[in-house]
Amino acid sequence: MIGQPAPLLLADALPVLEGIAAAATLAAAAIAGFAAWTARQSFVSQTATAAKQLELADRQLHLVNDQAAQQRETDQTMRGHASMTLLLRFRDQWDGETMRRFRSRLAQATLAVHDSPTASLDPEAQVALDEIGNFVELVGYCTTRGLLFEDDAWQEFSDVWEVYWQEYGERLRPPAGDTTIFENANWLLGRFRAREPETHTPV
């Protein structure tokens, strides 16, 4: 007669259960470790990608800065050429027949009123003085707008304008309260005198 299996005692089952629990713990630890490793690898990969992107951004920034510097240099060169072209046109105008005639007419009239700075010029001489003042006003305007470099204007016209101001300054001064008449011409004279403050009185 075949006997019945002996009942499984709790004491006999405990090692089995403990083994299963230990295996489960090891499995959980392995899963957690793999997850941590995966997260680390992902972080390392993202960090490397971010570093490459930062390096690329730095290169692009340097490129943009280089291009901007080259553009500024090109712009300055073009402005220099434009300023010199304008200066030559002003020189041609100043030495041209019309302006020479104005200057000559003004000089002749000045002799007649030299001892009286406030005496009225004759109408033709006054027109000549106004035209000369307008010319210098235009030079001053172009200089204030940056179309003509101040250095170029100073080299060409500082002595000219100083002479005319010394001779005709009182006649060219704007009326009291009016700052618009010859304002650019007088601004230009102030800039010229600022370069040689020891030789001139303030405007």
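The dialogue below walks through how to read several features of this predicted model.

User: Where should I begin with the overall fold, and how many helices and strands are there in the protein chain?

Analyst: Begin with the secondary structure, bearing in mind that the model is predicted. The protein chain has five helices and zero strands, and reading along the sequence gives the pattern α-α-α-α-α. Among the contacts in the protein chain with a separation of 6 or more, 71% are between residues 24 or more positions apart.

User: What share of the residues in the protein chain is buried, and what belongs to the accessible surface?

Analyst: Of the 203 residues in the protein chain, 23% are buried, where buried means under 20% relative accessible area. The accessible surface comes to about 14400 Å², and carbon and sulfur atoms account for 60% of that surface.

User: Which residues of the largest nonpolar core touch the most other members, and which elements give two or more residues to this core?

Analyst: The largest nonpolar core holds 30 residues, and those that touch the most other members are F90, L106, F135, V139, L148 and F157. The elements giving two or more residues to this core are α1 (10–94), α2, α3, α4 and α5, with the largest share, eight residues, coming from α3. To see one core member in its surroundings, take L148, which touches S83, L86, L87, F90, V139, C142, T143 and A153 once residues up to four places away in sequence are set aside.

User: How can I check the geometry of α3, and which of its residues are buried?

Analyst: One check compares the expected span of a helix with the distance between its end C-alpha atoms. At 1.5 Å a residue, the 22 residues of α3 should span 32 Å, and the end C-alpha atoms are 31 Å apart, which agrees. The buried residues of α3 are A125, A128, L129, I132, G133, F135, V136, E137, V139, G140, C142 and T143, a list in which F135 and V139 also appear among the core residues that touch the most other members. At the start of α3, a side-chain oxygen of D122 reaches to within 3.1 Å of the backbone nitrogen of E124, and just after the helix G146 takes a positive phi of about 80°.

User: What lets charged side chains pair, and how many salt bridges does the structure hold?

Analyst: Side chains of opposite charge can pair when their charged atoms come close. The structure holds eight salt bridges. In one of them R105 pairs with D122, with the closest N and O atoms 2.8 Å apart; this pair links distant parts of the chain, as R105 is in helix α2 (residues 97–113) and D122 in the loop between α2 and α3 (123–144), 17 residues apart. Both partners are partly exposed, R105 with a relative accessible area of 22% and D122 with 27%.

User: Which salt bridges tie α4 to α5, and are their partners buried or partly exposed?

Analyst: Here the useful step is to look at where each partner sits and how far apart the two are in sequence. E150 and R195 meet through their side chains at 3.5 Å, N to O; because E150 lies in helix α4 and R195 in helix α5 (residues 183–195), the pair ties together parts that are 45 residues apart in sequence. E150 is buried at a relative accessible area of 17%, whereas R195 is partly exposed at 33%. The side chains of R193 and E162 also meet in a salt bridge, at 2.9 Å, N to O, and since R193 lies in helix α5 and E162 in helix α4, this pair ties together parts that are 31 residues apart. R193 counts as buried at 6% relative accessibility, and E162 counts as buried at 11%. Salt bridges that share partners join E150, D151, R191 and R195 into one network.

User: What other relations does E162 have, in space and through its side chain?

Analyst: E162 is 27 residues from L189 in sequence, while their C-alpha atoms are 7.1 Å apart in space. The side chain of E162 also makes a polar contact with the side chain of Q166, at 2.6 Å.

User: Is S158 buried or exposed, and what is it in contact with?

Analyst: For a single residue, combine its place, its accessibility and its partners. S158 is in helix α4 (residues 150–172) and is buried, with a relative accessible area of 12%. A polar atom of the S158 side chain lies 2.8 Å from the backbone oxygen of W154, and, leaving aside neighbours within four places in sequence, S158 is in contact with A153 and F192.

Technical notes:
Residues numbered from 1 in each chain as written. Predicted model: local features only at pLDDT ≥ 70, side-chain atom pairs only at ≥ 80, totals over all residues. Heavy atoms only, no water. Helix = DSSP H or I, 4+ residues; strand = E, 2+ residues; numbered from the N terminus. Buried < 20%, exposed > 50% of the residue type's maximum accessible area, 1.4 Å probe, protein only. Polar contact = N/O pair within 3.5 Å; in protein donor to acceptor, adjacent residues only side chain to side chain. Contact = heavy atoms within 4.5 Å. Areas by Shrake-Rupley, 256 points an atom, 1.4 Å probe, with all protein chains shown as cover. Salt bridge = Lys/Arg side-chain N within 4 Å of Asp/Glu carboxyl O. Core = buried A, V, L, I, M, F, W, Y, C linked by side-chain atoms within 4.5 Å. Expected span 1.5 Å × (residues − 1).
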